[in-house]
Amino acid sequence: MFQRFRRTRLNPILQRLVKETHVSVDDFIYPLFVRPGESIKTEVASMPGVYQMSIDEILKECEELKKLGIYAIILFGIPEVKDSVGSDALCEHGIIASSVKAIKQAHPDMFVVTDLCFCEYTDHGHCGIIDDNTVLNDETLEISAAQAIVHAKAGADMIAPSGMMDGIIETLREALDEGGYENLPIMSYSTKFASGYYGPFRDVAESTPSFGDRSSYQMDPANRREAIAESVEDELQGADILMVKPALAYLDIVRDIRENTTKPLAVYNVSGEYAMLKHAQAAGLIDYERVMMETMIAFKRAGADIIISYHAKEVAKLLKS
Ligand code: PBG
Ligand code: ZN
């Protein structure tokens with residue numbers, strides 16, 4: 001006697017009844033890149049469909065996102081001026097603070113997540129204060145707390161620290177609580193690997209390190225036990241949502257972390273992953289929409305609750321049709 005698995009695949013209604021994993025527009029956070037100026041909407045060559053936008057254009061974009069049913073965005077800033085400590089990120093009139101204020105005023109129903117890091121704001125492109133060859137952990141914690149307060153005051157709905165400094169969650173939680181922001185959630189980039197898949201992002205965010213790489217603070221892709229420990233530690237420090245980044249090459253880690261925590265888990269479907277599909281589509285190599293949806297299902301199946309993705313608008317359009 002053998003099992004007839006094909007029995008439940010024949011009727012499309014039954015096929016939907018037995019479907020184990022679902023993708024919904026509610027699962028997505030859409031990344032946006034904001035820069036100073038007016039009427040700026042510049043497409044990034046390495047990421048077709050992704051733009052650097054000025055605040056006025058971002059406000060129009062939010063309108064479009066809401067029509068598609070996307071209400072959550074994560075903001076990255078490209079400042080007018082970069083310096084050694086990333087001052088723009090600490091300024092209440094900096095690019096992120098100004099953007100959050102403008103968005104929340106025009107679109108109070110948008111959920112605005114702010115990426116909290118320094119690499120886009122420093123002239124050396126590293127994720128904090130540097131000494132000769134690496135980022136100084138504890139000094140960077142101090143200015144990170146200051147940055148969190150700037151985001152909170154501007155009206156951010158959730159703070160997402162992405163710099164992989166040890167102790168960042170405890171530091172931010174304490175700073176936010178002391179500032180009266182005890183209800184402001186933190187989504188930690190808790191397990192973030194030093195990855196070549198970030199290449200195109202660094203073109204958009206203009207954040208390529210001027211020397212060295214990030215392997216002294218981001219994780220070694222070879223390490224599974226450490227990957228679990230990083231996320232568990234951030235949960236203990238008070239993170240509300242955990243994250244694995246990149247997504248596609250790390251689905252085993254997504255599953256591992258899913259099984260080691262009860263916290264909500266996000267994946268960051270990063271720039272290089274997006275670019276691979278986009279350029280494969282342009283070369284006529286794949287059925288783009290099919291491969292994109294297959295990829296999104298894989299994230300959910302691996303255990304992700306939330307998907308941060310440049311594909312979010314295209315997914316939303318497909319789910320509507
Ligand atoms: C900043 C940051 C990076 C990404 C998100 N936040 C880049 C990096 O660590 O170099 C990558 C996003 C992507 O590749 O889409 N720390
Ligand atoms: Zn960074």
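Student: How do you know that Lys-104 forms a salt bridge with Asp-157?
Tutor: A salt bridge means a side-chain nitrogen of Lys or Arg within 4 Å of a carboxyl oxygen of Asp or Glu. For Lys-104 and Asp-157, the closest N and O atoms are 2.8 Å apart, so the pair fits the definition. Lys-104 sits in helix H3 (residues 95-106) and Asp-157 in the loop between H4 and strand E6 (158-161), so the bridge ties together parts 53 residues apart in sequence. Helices (H or I, at least four residues) and strands (E, at least two) are DSSP runs, numbered from the N terminus.
A word on what you're looking at: this is a predicted model, where local features need pLDDT of at least 70, side-chain atom pairs count only at pLDDT 80 or more, and totals for chains, interfaces and linings use all residues. Side-chain values use heavy atoms, with hydrogens and water left out; residues are numbered from 1 along each chain as its sequence is written, while chains are lettered from A and ligands numbered from 1 in the order in which they are written.

Student: How many salt bridges does the structure hold?
Tutor: There are 14 salt bridges.

Student: And what makes Glu-61, Glu-64 and Lys-313 a network?
Tutor: Salt bridges link these three residues. Take Lys-313 and Glu-61: their side chains meet at 2.7 Å, N to O. Lys-313 belongs to helix H11 and Glu-61 to helix H2 (residues 55-68), so this pair ties together parts that are 252 residues apart in sequence. Then there's Lys-313 with Glu-64, where N to O is 3.1 Å. That pair also links distant parts of the chain, 249 residues apart, with Lys-313 in helix H11 and Glu-64 in helix H2.

Student: Why is Glu-61 called buried?
Tutor: Buried means under 20% relative accessible area, exposed over 50%, and partly exposed in between (1.4 Å probe, protein chains only). Glu-61 has 4%, so it counts as buried. Lys-313, at 13%, is buried too. Glu-64 has a relative accessible area of 33%, so it is partly exposed.

Student: What about His-311: is it buried or exposed?
Tutor: His-311 has a relative accessible area of 1%, so it is buried. You'll find His-311 in the loop between strand E10 (306-309) and helix H11 (312-320).

Student: Which residues does His-311 touch?
Tutor: Leaving out residues up to four places away in sequence, His-311 touches Asn-269, Tyr-274, Leu-277, Tyr-288, Met-292 and Met-296. Contact here means heavy atoms within 4.5 Å.

Student: Over to the surface, then. What makes the negative surface patch?
Tutor: Ten names to look up: Asp-131, Asp-132, Asp-138, Glu-139, Glu-142, Asp-166, Glu-170, Glu-174, Glu-178 and Glu-233. Patches are made of residues with over 30% relative accessible area and no salt bridge; like charges are joined within 9 Å, nonpolar side chains (Val, Leu, Ile, Met, Phe, Trp, Tyr) within 5 Å. Helix H4 (137-154) and helix H5 (168-178) each supply at least two residues of this patch. Glu-142 is one of its members and lies in helix H4. With 61% relative accessible area, Glu-142 is exposed, so it clears the patch limit.

Student: Which residues form the positive surface patch?
Tutor: Arg-4, Arg-6, Arg-7 and Arg-9. Lys and Arg count as positive and Asp and Glu as negative, while His and the chain ends are not counted. Arg-6 is in the segment before helix H1 (12-17), and at 63% relative accessibility it counts as exposed.

Student: What is the phi of Ser-39?
Tutor: Near 55 degrees, a positive value in a residue other than glycine. Ser-39 lies in the loop between strand E1 (28-34) and strand E2 (41-44). Its relative accessibility is 56%, so Ser-39 counts as exposed. Glu-206 also has a positive phi without being glycine, near 50 degrees. Look for Glu-206 in the loop between helix H6 (199-204) and helix H7 (224-237); at 36% it is partly exposed.

Student: Which residues does the cis peptide bond join?
Tutor: Lys-245 and Pro-246, with omega about -5 degrees. Pro-246 is placed in the loop between strand E8 (242-245) and helix H8 (251-258).

Student: Where is Gly-167 found?
Tutor: In the loop between E6 and H5. Its C-alpha is separated by 8.6 Å from that of Asn-137, 30 residues apart along the chain. Not counting residues up to four places away in sequence, Gly-167 touches Leu-141 and Gln-237.

Key. Accessible areas come from the Shrake-Rupley method with a 1.4 Å probe; for residues, only the protein chains shown count as cover. The place of a charge is taken as NZ of Lys, CZ of Arg, CG of Asp or CD of Glu.
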